[in-house]
Amino acid sequence: MSVNYEEKASTGLNQLGLETALNQLDQCSQQAAAQNWSYSHFLGYLLDAELSERHRKTVQLNLKFARFPYLKSIDDFNFDAQPSIDRRLIDELATGRFLHEARNVIFLGPPGVGKTHLAISLGVLTANLGYRVYFTTAIDMARKLAKALAENRLKREIQNLVRPTLLVIDEVGYLGLDTTQASLLFQVVAQRYEKNHSIVMTSNKPFSDWGHIFANDSIMASAALDRLLHRCTVVNIRGDSYRLKEKKLAGASFDLNPA
Ligand code: ADP
Ligand code: MG
């Protein structure tokens, strides 16, 4: 019995789960005939539609999974307002190479200088590259893990934090951790290090103060720093809060208006 290949084109795409290619098949075939496409041009065009749609869905899921408090991108960052940052360093991070190198990124500096903005930007670009990323503050993560420990489901909770290609831990050192919370943060750092998965962190505390972050356990703090800094890009940001600067600028232009 001979096969009806015309029919097989659509049933085959359906069986293979190539939904977008199936939806575009008729229109794409007509276009191919009208424009005298080669067979491989036609196939490439159809696959491109399928792959772009799959990528779009992946990115959408990644962004949902990440739980960013808001979305930011490096393009929104005003480098002129922040001369203490080496633009080339951020552009290099924006290639996403740090993810393949299992390199960590730590943004240090006072409040309002753009640490969270840049950390979220790296998270968003990770999602756009098609990788899983998860955003949390240090205290939220520590509390969640302590709760999981009490409820005998720590292993699963830690796995959830270790599995994504990137973990963004914001505001390390803003709120003190107790001994249990500190050791849980350490376990996440250590396990991600073993798995060669990057961490992006932000902190207002210099490394010399990290003993306090780890409940005054300087041995645990240095064991954590050892792993974090083994492969790491540290971005030290100095200067005034961008929010306050913007306020001042707004005030200045207001003053210029004659009453
Ligand atoms: P931090 O985490 O260092 O306290 P944020 O990243 O939360 O600071 O920045 C405070 C606000 O100012 C955010 O809305 C952020 O987008 C904005 N901001 C900070 N620095 C810049 C900058 N250089 N260009 C554009 N927006 C900035
Ligand atoms: Mg912040």
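This is a short tutorial dialogue on reading features of a predicted model.

Q: Let's start inside. Which residues of the largest nonpolar core touch the most other members?

A: Look for Met141, Leu145, Ile169, Met201, Trp210 and Phe214, which touch the most other members of this 33-residue core. The elements that give two or more residues to the core are β1 (104–108), α7 (138–150), α8 (154–162), β3 (166–172), α9 (179–194), β4 (198–203), α10 (210–213) and α11 (218–230).

Q: Which element gives the most to this core?

A: That's α9, with 7 residues.

Q: Say I click on methionine 141. What is it in contact with, leaving aside neighbours within four places in sequence?

A: You'd pick up Thr136, Leu161, Leu167, Ile169, Leu185 and Val188 as contacts of methionine 141. Apart from the core we've been discussing there is another one, made of 27 residues, with Phe98, Leu99, Ile120 and Ala127 among them.

Q: On to strands. How do side chains sit along a regular one?

A: The general idea is that side chains in a regular strand alternate between the two faces of the sheet. Take β4 here: Ser198, Val200 and Thr202 point one way, while Ile199, Met201 and Ser203 point the other way.

Q: How many of the residues in β4 are buried?

A: 6 of its 6 residues are buried, so the strand is mostly covered (buried means under 20% relative accessible area). That goes for the residues pointing either way from β4.

Q: And do β1 and β4 run parallel or antiparallel, and over how many bridges?

A: They run parallel, joined by 4 bridges. To find your place in that pairing, start from isoleucine 106, which stands opposite methionine 201 in β4. β4 also pairs with β3, again in the parallel sense, over 5 bridges. There, valine 168 stands opposite valine 200.

Q: Now charges. What can side chains of opposite charge do?

A: They can pair when their charged atoms come close. Searching the whole structure turns up 10 salt bridges. Try glutamate 50 and arginine 54, whose closest N and O atoms are 2.8 Å apart. Both residues lie in helix α3, 4 residues apart, or about one turn of the helix.

Q: Is glutamate 50 buried or exposed?

A: Glutamate 50 counts as buried, because its relative accessibility is 4%. Its partner arginine 54 is partly exposed, with a relative accessible area of 40%.

Q: Where else should I look for a salt bridge, say around lysine 147?

A: The side chain of lysine 147 meets that of glutamate 151, at 3.5 Å from N to O. Lysine 147 has 48% relative accessibility, so it counts as partly exposed. Glutamate 151, at 40%, is partly exposed too.

Q: What is the salt-bridge partner of arginine 153?

A: Glutamate 157, with the closest N and O atoms 3.1 Å apart. Arginine 153 is partly exposed at 34% relative accessibility, whereas glutamate 157 is buried at 16%. There's also a network to trace: Glu92, Arg97, Glu101 and Arg103 are joined into one by salt bridges that share partners.

Q: Which nonpolar residues form a patch on the surface?

A: Leu43, Leu47 and Leu51 do, with about 280 Å² of accessible area together. Leucine 43 belongs to helix α3 (residues 39–66). This leucine counts as partly exposed because its relative accessible area is 48%.

Q: Last topic, the backbone. What sign of phi should I expect for most residues?

A: Most residues other than glycine have a negative phi. Against that background, have a look at alanine 102, with a positive phi of about 55 degrees although it is not a glycine. You'll find alanine 102 in the loop between α5 (97–100) and β1.

Q: Is alanine 102 buried or exposed?

A: Alanine 102 is buried, because its relative accessibility is 8%.

Q: And what is phi at asparagine 152?

A: Phi of asparagine 152 is near 60 degrees, a positive value in a residue other than glycine. Asparagine 152 sits in the loop between α7 and α8. With a relative accessible area of 76%, asparagine 152 is exposed.

Terms used. Residues numbered from 1 in each chain as written. Chains lettered and ligands numbered in written order. Predicted model: local features only at pLDDT ≥ 70, side-chain atom pairs only at ≥ 80, totals over all residues. Heavy atoms only, no water. Core = buried A, V, L, I, M, F, W, Y, C linked by side-chain atoms within 4.5 Å. Buried < 20%, exposed > 50% of the residue type's maximum accessible area, 1.4 Å probe, protein only. Contact = heavy atoms within 4.5 Å. Patch = residues over 30% accessible without salt bridge, like charges linked within 9 Å, V, L, I, M, F, W, Y side chains within 5 Å. Areas by Shrake-Rupley, 256 points an atom, 1.4 Å probe, with all protein chains shown as cover. Salt bridge = Lys/Arg side-chain N within 4 Å of Asp/Glu carboxyl O. Pairing = 2+ DSSP bridges.
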